[in-house]
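Work through the exercises below with the model open beside you. Try each task before you read its solution.

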Number of protein chains: 2
Amino acid sequence: MTLKLYALCGEDRSRPFSPHVWKTMLSLAHKGLSCEVEKVGFTEIPKLEGGFSRTVPLLRDGERLVRDSFDIALYLDEAYPGRPTLFGGDGGRAMARFVEGWSQTTLHPAVMRIALVDIHDMLGPEDQSYFRTSREDRLGQPLEAVVAARDDEIAAFAGKLEPLRTMLKSQPFIGGEGPLFADYIVFGALQWLRVTSAAKVLADDDPVALWFGRVLDLHDGLGRSVRAA
Amino acid sequence: MTLKLYALCGEDRSRPFSPHVWKTMLSLAHKGLSCEVEKVGFTEIPKLEGGFSRTVPLLRDGERLVRDSFDIALYLDEAYPGRPTLFGGDGGRAMARFVEGWSQTTLHPAVMRIALVDIHDMLGPEDQSYFRTSREDRLGQPLEAVVAARDDEIAAFAGKLEPLRTMLKSQPFIGGEGPLFADYIVFGALQWLRVTSAAKVLADDDPVALWFGRVLDLHDGLGRSVRAA
């Protein structure tokens, strides 16, 4: 097997932080697939694999290149059907798109309003310049303005997880009795925050914190292989 | 087949409005099961079937009684495995719990803050008295105070549906190419609002409004069999 994953890091290449790359790292571990991980900075991405993708994760599997964490999960389930499923059937594959929609519209903006300057500060000089320009263009304001209400965002963060907290009364994982890709989707958002920011957003006994701990423990503690910021 | 469903109505027994009963009406139609529907008021529920349930939906299938819309959907898929699935496999069954958690913590409180007094006004005198007392006990304030910021809630409602709107860029239903119980979960919340309140919460061309229209059209337009308030 010749799997290779390109993962985003800051100046310290031992601390991958992209939520989407974390989804893929856990997806690969879930399938029991070992993989070479090449750590890259933002400005290296467009030069990878002949300019195949402007974003990571980017996966090479032999001759095949696949980008986007959801597409990679779909690819892995199709290419390796004998290994544990990431979706648990057609319904799970469809509903994982809803979980993705929720995570990206509810959690991701909140993480940005907490950690955007922390992320910037982790980057090397060239990536810092790219990151500031591209994010300020996209968000229409300076990075420092995005995080101006950081303390309010930290206080409000736990409340945004109420749908997951309610679900956890029924089952230990979004996938049911065990994790599926939908768990890794939400994990990615919280791991992004954990690796980039020291903000404490959940009480230790919050059911969501306990779920996050369970996902950190999975696959020989892969999520814990990078310590919290 | 001797299926019987107890459904909640106000004084006009032709207008079932409970979000949970709507989930079950669509579930039964999805399975292609015909069913006698007995319309009841709030204060009749504890007397049904020997006091089996304090809430509806309550389904009798021959000798079997089942309560709770999610449990009824699970029961139907188990009891009628040869008919179209409501979950699409183990993953879909698990993730429908997440959709339920989202709907009940995000949409249901918002519908109450818009329509609580409208719902009260639909009820017969005895049910009105029960409804006011029980809801004011639970919510800790008069019904009229709950809806005090009704206009703000109406304006904010479309924003709460952003996770679904984002998902709809990938597929036409939460179930994927066709509807599953997860669609009926979210439909139930919007149908509750549609039947009880004249509040307009979505622009006609909102992707969520178009999805809602698709679910209203399903099963020979079952959802449209009760006109909007």
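Five exercises follow, each with a worked solution on this predicted model.

**Exercise 1. Chain A as a whole**

Task: How many helices and strands does chain A have, and which pattern do they follow along the sequence?

Solution.
- Step 1. Count the elements. Chain A holds 9 helices and 4 strands.
- Step 2. Read from the start of the sequence. The pattern is β-α-β-β-β-α-α-α-α-α-α-α-α.
- Step 3. Check the dimensions. The C-alpha atoms of chain A fill a box of roughly 50 × 45 × 30 Å along the principal axes.
- Step 4. Test against a globule. For 229 residues, a compact globule would have a radius of gyration near 17 Å, and chain A agrees because its value is 17 Å.
- Step 5. Look at burial and contacts. In chain A, 43% of the 229 residues count as buried. Among contacts with a separation of 6 or more, 71% link residues 24 or more positions apart.

**Exercise 2. The partners of β1 in chain A**

Task: Which way does strand β1 of chain A run against β3, parallel or antiparallel, and which way against β2?

Solution.
- Step 1. Take β3(A), residues 58-61. Strand β1(A), residues 3-8, is joined to β3(A) by 4 bridges, and the two run antiparallel. A:L5 has A:L59 as its bridge partner.
- Step 2. Take β2(A), residues 36-40. Here 5 bridges join the strand to β1(A), and the pair is parallel. A:K4 stands opposite A:E36.
- Step 3. Add the connecting helix. β1(A), helix α1 (residues 19-30) and β2(A) make a β-α-β unit, and the unit is right-handed.
- Step 4. Think about side chains. In a regular strand they alternate between the two faces of the sheet.

**Exercise 3. The sheet of chain B**

Task: In what order do the strands of the chain B sheet lie, and which are the edge strands?

Solution.
- Step 1. Lay out the order. The 4 strands form an open sheet, β2-β1-β3-β4, with mixed pairing.
- Step 2. Find the edges. β2 (36-40) and β4 (64-67) of chain B each pair on one side only.
- Step 3. Note the turn. Neighbouring strands of this sheet are turned by 20° against each other on average, direction ignored.
- Step 4. Inspect one pair. β3(B), residues 58-61, and β4(B) run antiparallel and share 4 bridges. B:L58 stands opposite B:R67 in β4(B).
- Step 5. Add the helices. Helix α1(B), residues 19-30, packs on the sheet and touches β1 and β3 of chain B; its direction makes about 150° with that of β1(B). Helix α2(B), residues 69-79, also packs on the sheet, touching β3 and β4 of chain B, and its direction makes about 140° with that of β4(B).

**Exercise 4. The peptide bonds before P57**

Task: Is the peptide bond from A:V56 to A:P57 cis or trans?

Solution.
- Step 1. Recall the background. Most peptide bonds are trans.
- Step 2. Read omega. The bond from A:V56 to A:P57 has omega near 5° and is cis.
- Step 3. Place the proline. A:P57 lies in the loop between β2 and β3 of chain A.
- Step 4. Turn to chain B. The bond from B:V56 to B:P57 is cis, with omega near 5°. B:P57 lies in the loop between β2 and β3 of chain B.

**Exercise 5. Positive phi**

Task: Where do A:E49 and B:H219 lie?

Solution.
- Step 1. Recall the background. Most residues other than glycine have a negative phi.
- Step 2. Take A:E49. Its phi is near 50°, a positive value. A:E49 sits in the loop between β2 and β3 of chain A. With 14 other C-beta atoms within 10 Å, A:E49 is partly exposed.
- Step 3. Take B:H219. Its phi is positive, about 55°. B:H219 belongs to helix α9(B), residues 207-221. B:H219 counts as partly exposed because it has 16 C-beta neighbours inside 10 Å.

Methods:
Residues are numbered from 1 along each chain as its sequence is written. Chains are lettered from A and ligands numbered from 1 in the order in which they are written. This is a predicted model: local features need pLDDT of at least 70, side-chain atom pairs count only at pLDDT 80 or more; totals for chains, interfaces and linings use all residues. The radius of gyration is taken over C-alpha atoms; the globule rule is 2.2 Å times the number of residues to the power 0.38. A residue is buried if 20 or more other C-beta atoms lie within 10 Å of its own, exposed if 12 or fewer, and partly exposed in between; C-beta atoms are placed from the backbone. Two residues are in contact if their C-beta atoms, placed from the backbone, lie within 7 Å. Two strands pair if DSSP finds at least two bridges between them. A crossover is right-handed if, with the strands pointing away from the viewer, the path from the first strand over the helix to the second runs clockwise. Axes are lines fitted to C-alpha atoms, for helices over the stretch in contact, and angles run from 0 to 180 degrees between N-to-C directions.
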